[in-house]
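Thanks for coming. I have one structure to go through today, so please look at the sequence and the model first.

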Amino acid sequence: MESRSTKLTESPFKGIDWFTVIIYALLVIAGAVSIYAASYDFDNASIFDFDEFSGKQLRWIGLSFILGFALLLVDARMYETYAYPIYTGIMLLLLVTIFIAPNIKGSHSWIVMGPMSIQPAEFAKFATALALAKLFSGYNFSLNARTSNYFKALLIIFLPVILILAQNETGSALVYLGLFFVLYREGMSGLVLLSAVLAVAIFVISVKFTETMVLGIPSGQFTVYILVMATMVAMLALYSKTTITARNTALGFVGSGIIVWILDLCGIEIPGNYYFIGIISAACIYCIIETLRYRVSKILAAIGAAVIAVAFMFSVNYVFTSVLKPHQQMRIKVALGIEDDILRAGYNVNQSKIAIGSGGFAGKGFLKGTQTKLKYVPEQHTDFIFCTIGEEQGFIGTSLTMLLFVMLILRVIVIAERQPTTFGRVFAYCVASYFIVHFCINIGMVIGLCPVIGIPLPFFSYGGSSLWGFTVLLFILLRIDAARRSHH
Amino acid sequence: MRKDYRLEKRKYVIAGFLLFIALIYLVRLFDLQINDSKYKAYADNNAFLNKTVYPSRGLIYDRNGELIVFNQPAYDVMMIPRDVQQFDTLDFCNTLNLTREQFDTRLQDMKKSPGYSTYTPQVLITHLSAQDYGRLQEKLYRYPGFFIQKRILRQYNHKTAANVLGNIREVSQNDIDNDPYYQRGDYCGDLGIEKSYDTYLRGQKGVEVLIRDAHGRIQGRYQDGTLDVAPVSGRNLKLSIDLGLQQYAESLMVNKIGAVVAIQPKTGEILAMVSSPTYDPTLLVGRQRGKEYRNLVNNPYKPLFDRALMAAYPPGSTFKPGQGLILLQEGIINTGTAYPCSHGFISGGLRVGCHGHGSPLPLKPALQTSCNAFFCWGFKAMVDKRSKYGTPAEAFEVWKHHLVSMGYGYKLGVDMPSESRGFLPNAPFYDRVYGEGRWSANTIISVSIGQGEICATPLQIANVCATIANRGWFITPHVVKEIQDTVMAPEYIDKHYPTIDERWYHEVAEGMRMAVTGGTCRLTNLPDIAVAGKTGTAQNPHGRDHSAFMGFAPYEDPEIAVCVYVENAGFGATFGVPIGSLVIEKYLKGEIAPERKYLEQRMLESNTIIYSGVKKH
C-alpha cells in the first residue's frame with residue numbers, strides 16, 4: 001500500500017467529483033446542527049461539551065473528514081484487488097460480533113472498546129459492495145449467462161443479511177435487499193422487481209381492506225382479483241404477437257363481470273371466490289390453448305403470474321397472523337392506518353407526525369421545537385432525527401433535505417453510468433441502492449408511511465458507525481471515479 | 001470494456017423509482033405540515049400545561065355588613081397514576097390518618113370514576129385538614145406522582161339562612177355541557193343565591209402556562225409567564241337580609257313547618273326569609289357533603305324545599321284585602337256598601353260559614369272581622385254582573401287580571417332559583433272543569449276567600465302586603481342589596497303599579513289597621529307601633545288548618561311587611577299573628593317588650609310539627 005501511494009505523484013484531489021463532496025459536506029453539517037437541536041435541553045450544556053450527543057457527533061464528524069481524506073489517498077485499484085479479503089474479514093468480524101457483543105436492547109451488534117463502540121454492520125455495507133462489484137467485474141461475467149452467477153451474487157448479498165439478522169438487527173439486514181436494484185441494473189429481469197412491487201401491493205391491499213364486503217369477500221381481496229385480471233390482460237398484450245388473445249380475455253372478464261353484477265342486483269349473489277377463481281382458471285385454459293396454437297411460450301408467464309398472485313393472496317393472511325410476531329403485526333397495522341395504537345406501537349410515529357406537522361411551512365425556528373426539546377419523540381437524535389428538521393425548519397427544511405438526498409443519489413447514478421469499468425459501475429450502484437433504501441425507509445417511517453424499521457438517516461442520525469460507514473462508501477466511490485481516466 | 005446500452009436505460013427505472021417515492025413523501029409532508037393545522041394544536045397540547053388558577057369566591061355580607069359566608073382553603077391530594085412509583089403505603093396512610101382499607105377503597109373508587117385516566121391528575125382524597133396537609137407536605141417528596149391541589153371551601157359565620165344562601169358543589173357533566181366556563185373539578189353554586197349569583201360570585205379563573213416534558217415533568221413557565229392570565233376574584237354580595245331578624249324568625253319557627261317573609265316595602269328588599277324546618281349550611285361543606293345532602297333529600301320534612309318561595313299554599317283570608325281592592329276598583333261596591341252575614345253566606349243552597357259579628361257590614365268592618373259572607377257576596381255581585389261583563393267568564397278574567405297585576409299567579413322574579421308561580425285559575429280552566437257557560441259565581445265561590453284552586457307563595461302574600469303598605473306599588477322583592485362594583489339591575493329598582501287606584505289602598509289599609517286594633521289581629525296591637533294586618537286560616541285537605549298572617553308597620557310610614565305561614569297550626573290568630581307581631585316588634589324596636597315575653601316564650605316552645613301528619617323515621 002505504501003509503495004502505491006508513494007508512486008502517486010498527482011494531488012489526491014485531482015478528478016474528484018466536487019459536486020458530490022459539497023452535497024456530502026452540506027448533509028453532514030446539517031446533520032450536526034440537527035443533532036445539536038435534537039439533544040438541546042432548555043437548561044442545556046454547550047455544543048463543545050464532548051459528553052453531549054452533539055459534542056460527540058462533532059468528534060465523529062471531524063474523524064470522518066480525516067477518514068475520507070485518507071481514503072482518497074489509497075490507489076483505486078487497491079479496492080478491486082482486496083475486495084474479497086476485505087469482504088471475508090468483515091464477515092468474520094460480523095460473526096465474532098454475535099458472540100462478543102453485549103446485549104443492548106436485545107441486539108448483539110455493538111463491539112464495545114472502552115469509551116467507543118462501533119457497529120460492524122455499518123462497515124459490512126461497503127465490503128459487500130466491493131465483493132459484489134468484484135464478482136461482476138470478472139472476465140466475461142454476465143448475470144444471465146448461468147444460473148450459478150445468480151447464486152454467487154445472492155450468496156454475497158445474503159451472507160451479511162443472515163449474520164446481521166443473527167445479531168437481531170432486522171432493520172440493518174433489510175437494507176441489503178436494496179442491492180436487488182444492482183442486480184436489476186446488471187440484467188436481472190424486471191419481472192422480479194415488478195412482482196416484488198405487486199407482492200407488496202397485494203399484501204397491503206389484502207391486509208388493510210378487510211372491513212367492507214363485496215360479493216361475500218373482503219373488498220381488499222376483491223381488488224386483488226381485479227388487479228390479477230388486469231395484470232394478466234396486460235401481460236398477454238405485451239407478450240403475444242397479436243392483441244387478439246388479450247382482447248378476448250379482457251372481453252371474457254368484463255362480460256362475465258357484468259353478468260355477475262346484474263345477477264347481484266337481482267338478488268342472486270354469486271360467491272366472489274368461486275366466480276373469480278372460475279373465471280381466472282377459464283382464462284388460463286384459454287391461454288394454454290392459445291399457446292399451443294401460436295407457439296408463444298411467453299404467454300405461459302401470464303398464467304404463472306396469475307396463479308402465483310392468487311396463491312400469494314391466500315397465504316398473506318396466514319403469514320400475517322401466524323408467522324409475524326405480534327409487535328411486527330402491530331407496526332404494520334399502525335403504518336397501514338388500521339390500528340391507532342397511540343400509546344404503544346404507534347406512539348413514536350404519532351409524536352413524530354405531530355412534531356413534523358406542527359412545524360408548518362417555515363418551522364418553529366432553530367431550538368424552538370417543543371416536541372423535540374421536551375423529548376416527546378423517542379429516538380429523536382437517531383432514527384427520528386428527521387422530525388427535528390420538520391418541527392424547527394418546517395416544510396422548507398424537510399423538502400430541502402429531501403432535495404439534497406435526491407440530488408446525491410441521482411449524482412451517484414450519474415457517476416455509476418460514467419464508469420468505464422464494471423467494478424466501478426456496480427460499486428456505485430451499490431452505494432446508490434443503500435442510500436435509496438435508507439432514504440425511503442427512514443423518512444417513510446418518520447412521516448408514518450412505512451412500518452417502523454429502525455435504520456438511520458445517513459449523515460443526520462447520531463452515531464459514529466453510521467456516519468463512518470456512509471463516508472467510507474462515498475469516498476471509495478469518489479476515489480474510483482477520480483481514477484476512471486487512467487483506464488483510457 | 002463491455003457496455004450494454006439496453007441495460008443502461010434501466011438507470012431511468014431506478015431514478016424514476018426514487019423520484020416517485022420522493023414525490024409521494026413530498027405530498028405527504030405538504031399534507032402534514034401545510035394542509036393540516038391540527039398537529040400544531042397537538043404539539044401545544046403536549047408541551048403546554050394550562051394550569052388553572054382559581055379565584056377566591058365572592059364573600060357574602062348581611063345588610064348591616066356582618067360577614068356571613070367566606071372562604072377557607074382546602075387541600076386535595078391528587079395523583080397521576082402513571083407517575084406513581086413504589087411507595088411506603090403504610091407510612092402514607094399514617095400521615096393522612098387513614099386505614100389501609102380506607103386507602104384501598106378510595107383507590108378503587110377513583111379508578112371507577114368516569115374521568116379516570118392514568119395520564120391526568122386524579123383526585124385521591126378531598127379536603128385535607130390543615131394538620132394533615134402540613135404533615136403530607138413535608139413528606140411529599142417521597143411520593144412521586146402525588147401532589148396537593150389547593151381548593152376553596154365555603155365557611156359560615158352563622159348557621160342561618162341556609163335556604164337563602166345555598167351552597168357550592170362540584171360541577172356535573174351537565175353543568176360543563178351547559179356552560180363552557182366550567183371544567184371538571186370546578187365548583188358552582190347550588191341552591192339559593194350561590195346559584196342565582198354564581199356568575200358574580202365565581203369570578204374569573206386565571207391560567208398559568210407551564211412547559212411540560214414527555215414525562216409530564218414541569219420544566220418552568222412558558223415565556224416567563226407573559227401569556228399567563230391572573231385570576232379575577234369573585235364579587236362580594238351584600239344581602240338585604242337582616243341577620244338578626246333572620247335568626248330571630250328562624251328561632252320562632254323551630255318545630256313548625258312553614259315560612260316567614262319580611263320585606264322592606266319601600267325598596268322591595270327582603271329582610272328575612274325563613275323556610276322551616278331549615279338546616280345547617282355548614283353540613284354541605286367539604287368531604288361529607290354527599291352524605292349530608294342525601295340525608296337532607298331523604299328527610300321527610302324536606303328542609304331543602306324553600307317554602308318561602310317554592311310552596312304554593314291556599315292564601316285563605318289574607319286574600320281578602322286584594323278582593324276588597326278589586327271590588328272597589330270595579331265599582332261593585334263603594335266604601336259604604338254593606339252585605340248581610342247570617343253566620344255565613346247562604347245562596348241557592350250554598351253555605352259558606354262565618355263567625356259572630358254585626359250584620360250587615362261594609363268593607364272595613366268586613367276586613368276587621370274577616371267576614372266570609374261579605375267577600376262572597378261581593379264576588380258574586382261582580383262575576384254575575386252580566387250587565388257589565390257579559391258572561392261570568394269575562395268577569396272572572398277581569399278579576400284575574402287584577403290579581404295578576406298584584407303579583408299572584410306568576411313568578412315575581414325574586415333573585416333566587418326555583419321560585420314557584422303559585423296558582424291562579426282562569427276562565428278556560430273552569431270551562432274545562434264545568435263546561436263552557438256552565439259555571440257562575442256560586443260554582444267557584446270559595447276562591448273569593450282565598451280557598452279552592454287559589455294558591456300563592458308566602459313571598460307573593462308578603463309582596464301584596466308590601467303593596468298595601470306602599471298604598472299602591474311594589475318593587476320586585478330581592479335578597480341581594482348590593483353587588484360589589486356593579487350597578488343594581490333595574491328590575492329591582494323599578495316600581496310596579498297594580499291595576500288598582502291608590503285611593504282604594506287607603507281604604508283596605510284602614511280595614512287592616514282595624515283588624516289589629518279591634519279585630520282578628522288584636523295580639524299584634526303593640527302599644528307604641530301602629531300595625532296593620534290580616535289573619536288567614538286556610539283549610540286544606542292535609543289535616544289541621546294552616547295558620548297565616550300578613551301585616552305591615554308602622555301604619556303611616558311602613559318599614560316592614562311580613563307574611564307568616566305555619567302549616568297545620570290552626571287559626572291565623574294563634575300562630576301567624578303572634579309570630580308576625582314578634583318579627584315586626586323585633587325589627588322595629590330591636591327587642592321584645594317585657595309584657596310580650598310570654599308570647600315569645602310560647603312561640604319558641606310550641607310545636608306544631610306534630611300535626612303535620614309526617615311520620616318521623
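Is Phe423(B) buried, exposed or partly exposed? Phe423(B) is partly exposed, since its relative accessible area is 34%, and the buried class ends at 20%. Before I go further: this is a predicted model, and every value I quote is computed from it.

Let me stay with the aromatic residues. Counted over all chains, there are 47 aromatic pairs. One of them joins Phe423(B) to Phe429(B), edge-to-face, with 5.4 Å centre to centre and 65° between the planes. Both of these residues belong to a cluster linked by ring pairs. The other members of that cluster are Phe319(B), Phe379(B), Phe396(B), Trp399(B), Tyr408(B), Tyr430(B), Tyr434(B) and Trp439(B).

A second pair to look at is Tyr143(B) with Phe146(B), again edge-to-face, at 6.2 Å between centres and 80° between planes. Here Tyr143(B) and Phe146(B) are both buried.

Rings also meet charges in chain B. Arg421(B) lies over the face of Tyr410(B), 4.6 Å from the ring centre. Arg471(B) places its charged end over the ring of Tyr555(B), and the distance to the centre is 4.8 Å.

Now the two chains as wholes. Chain B has 617 residues, of which 54% count as buried, and its secondary structure comprises 23 helices and 20 strands. Chain A has 488 residues, with 52% counted as buried; its elements are 20 helices and four strands.

On contacts, take those between residues with a separation of 6 or more. In chain B, 71% of them are between residues 24 or more positions apart. In chain A, 72% of such contacts join residues at least 24 apart.

On surface, chain B exposes about 26900 Å², and carbon and sulfur atoms supply 52% of that area. Chain A exposes about 21700 Å², with carbon and sulfur atoms supplying 68%.

From chain A I will show one element, helix α20(A), residues 464-482. How far does this helix reach from its first C-alpha to its last? The span is 26 Å over 19 residues, close to the 27 Å expected at 1.5 Å a residue. As for cover, 19 of the 19 residues of α20(A) are buried. As a general reminder, an α-helix has 3.6 residues a turn, so residues three or four places apart point the same way.

Back to chain B, and to strand β5(B), residues 146-156. Why can this strand be called largely enclosed by the rest of the structure? Because eight of its eleven residues are buried. Strand β3(B), residues 67-79, runs antiparallel to β5(B), and eleven bridges join the two. As an example of the register, Gln72(B) has Leu153(B) as its bridge partner in β5(B).

Next, the backbone. Most residues other than glycine have a negative phi, and most peptide bonds are trans. There are exceptions in chain B that I want to point out.

Two of them are cis peptide bonds. The bond from Ser276(B) to Pro277(B) is cis, with omega near 0°, and Pro277(B) sits in the loop between β12 (269-276) and α12 (289-298). The bond joining Ala553(B) and Pro554(B) is also cis, with omega about -15°. Pro554(B) is in the loop between β19 (543-553) and β20 (560-566).

Two more concern phi. Asn97(B) is not a glycine, yet its phi is positive, about 60°. This residue is in the loop between α4 (89-95) and α5 (100-112) of chain B. With a relative accessible area of 58%, Asn97(B) is exposed. His343(B), likewise not a glycine, has a positive phi near 50°, and lies in the loop between α14 (320-329) and β13 (344-347).

The last residue leads back to one of those cis bonds. Is Arg307(B) buried or exposed? Arg307(B) counts as buried, at 7% relative accessibility. Its place is in helix α13(B), residues 307-310. What is Arg307(B) in contact with, leaving aside its neighbours within four places in sequence? The contacts include Ser276(B) and Pro277(B), the two residues of the cis bond with omega near 0°. The rest of the list for Arg307(B) is Ile257(B), Gly258(B), Ala259(B), Ser275(B), Tyr301(B), Lys302(B), Tyr313(B), Pro458(B) and Glu567(B).

That is what I have; I will take questions.

Notes:
Residues numbered from 1 in each chain as written. Chains lettered and ligands numbered in written order. Predicted model: local features only at pLDDT ≥ 70, side-chain atom pairs only at ≥ 80, totals over all residues. Heavy atoms only, no water. Buried < 20%, exposed > 50% of the residue type's maximum accessible area, 1.4 Å probe, protein only. Pairing = 2+ DSSP bridges. Expected span 1.5 Å × (residues − 1). Phe/Tyr/Trp six-rings, centres within 6.5 Å; stacked < 30°, edge-to-face > 60°. Lys NZ or Arg CZ within 6 Å of the ring centre and 35° of its normal. Contact = heavy atoms within 4.5 Å. Areas by Shrake-Rupley, 256 points an atom, 1.4 Å probe, with all protein chains shown as cover.
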